[in-house]
Amino acid sequence: MKGLKNFTMVLAILLCGSFTMLHHGWADYDQTKPQDFETKIEESIYENPHVLAKVKYNKEMYTVFLAPTSRMTDRGLTGDMIKKGTSVRLVAYPHKTEKGEMRAERIFVDGKKFELR
């Protein structure tokens with residue numbers, strides 16, 4: 001019985017740890033270097049755990065992590081509003097180690113500001 005209890009505890013710790021590795025926390029992004037730029041959405045994926053947008057910035061392609069879908073819809077930002085070809089303004093932070101990745105603090109669509117944090 002004690003062996004089963006220990007096994008269950010180890011399994012729970014491993015599962016929690018594996019999800020932690022997948023989480024895109026704010027600590028991974030350099031918040032001392034905000035990037036404020038206008039671009040067009042090249043591709044978007046509106047699904048959990050985070051909505052993603054592929055955009056061009058300084059002639060390079062970036063993957064920008066937005067908020068979870070529930071936060072986006074709660075704030076009035078739907079998938080149709082950030083589809084391919086949509087012009088947006090982003091305020092985002094570059095990843096500290098991953099080239100071509102950012103996390104967005106806010107997005108402007110049709111002049112309307114949406115806070116994502």
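In the hairpin of β2 and β3, where two residues lie between the strands, Asn-58 adopts a positive phi near 50°. This turn is a convenient place to enter the structure, which is a predicted model, and from here the path leads outward to the strands on either side of the turn.

The two strands that this hairpin connects are β2, made of residues 52-57, and β3, made of residues 60-65, and they pair in the antiparallel sense over six bridges. One of the places where the pairing can be followed residue by residue is Ala-53, whose bridge partner in β3 is Val-64. On its other side, β2 is also linked to β1, for these two strands run antiparallel as well and are joined by four bridges. Here Glu-43 can be found opposite Lys-54 of β2, and the connection from β1 to β2 is again a hairpin, this one passing through six residues.

With these strands in place, it helps to step back and view the chain as a whole. It contains two helices and six strands, and when they are read along the sequence they follow the pattern α-β-β-β-α-β-β-β. The chain has 117 residues, of which 38% count as buried, and it exposes about 7700 Å², with carbon and sulfur atoms supplying 56% of that area. Among the contacts in the chain with a separation of 6 or more, 53% are made by residues that are 24 or more positions apart.

Two threonines show what such surroundings look like for a single residue. The first to consider is Thr-39, which has its place in strand β1, a strand that covers residues 35-45. Is Thr-39 buried or exposed? Its relative accessibility is 11%, and because the limit for a buried residue is under 20%, Thr-39 counts as buried. The side chain of Thr-39 reaches the backbone oxygen of Lys-56 at 2.8 Å. When residues up to four places away in sequence are not counted, Thr-39 touches Val-55, Lys-56, Thr-86, Ser-87, Val-88 and Leu-90. For one of these, Val-55, the separation can be given in two ways, since Thr-39 and Val-55 are 16 residues apart in sequence and 6.6 Å apart in space, taken from C-alpha to C-alpha.

The second threonine, Thr-63, lies in strand β3, and at 16% relative accessibility it counts as buried. The side chain of Thr-63 makes a polar contact with the side chain of Lys-54, at 3.2 Å, and Lys-54 has already appeared as the residue of β2 that stands opposite Glu-43. Leaving aside neighbours within four places in sequence, Thr-63 is in contact with Leu-52, Ala-53 and Lys-54, and also with Gly-100, Glu-101 and Met-102.

The aromatic residues offer another route through these strands. A pair of aromatic rings is described by how far apart the centres are and by the angle between the planes. How many aromatic pairs does the count come to? The count comes to two aromatic pairs. In the pair formed by Phe-37 and Tyr-57, the ring centres are 4.2 Å apart and the planes stand at 40°, so this pair is tilted. Phe-37 belongs to strand β1 and Tyr-57 to strand β2, so the pair ties together parts that are 20 residues apart in sequence. Phe-37 is buried, with a relative accessible area of 7%, and Tyr-57 is buried too, with a relative accessible area of 14%.

The other pair brings together Tyr-57 and Tyr-62, whose ring centres are 5.8 Å apart and whose planes stand at 70°, so this pair is edge-to-face. Like Tyr-57, Tyr-62 is buried. Tyr-57 therefore takes part in a pair with Phe-37 and in a pair with Tyr-62, and the three residues Phe-37, Tyr-57 and Tyr-62 form one aromatic cluster.

One further ring is worth finding in the structure, although its partner is a charged residue: Arg-89 lies over the face of Phe-108, at 4.2 Å from the ring centre.

How values were computed. Residues numbered from 1 in each chain as written. Predicted model: local features only at pLDDT ≥ 70, side-chain atom pairs only at ≥ 80, totals over all residues. Heavy atoms only, no water. Buried < 20%, exposed > 50% of the residue type's maximum accessible area, 1.4 Å probe, protein only. Polar contact = N/O pair within 3.5 Å; in protein donor to acceptor, adjacent residues only side chain to side chain. Contact = heavy atoms within 4.5 Å. Pairing = 2+ DSSP bridges. Areas by Shrake-Rupley, 256 points an atom, 1.4 Å probe, with all protein chains shown as cover. Phe/Tyr/Trp six-rings, centres within 6.5 Å; stacked < 30°, edge-to-face > 60°. Lys NZ or Arg CZ within 6 Å of the ring centre and 35° of its normal.
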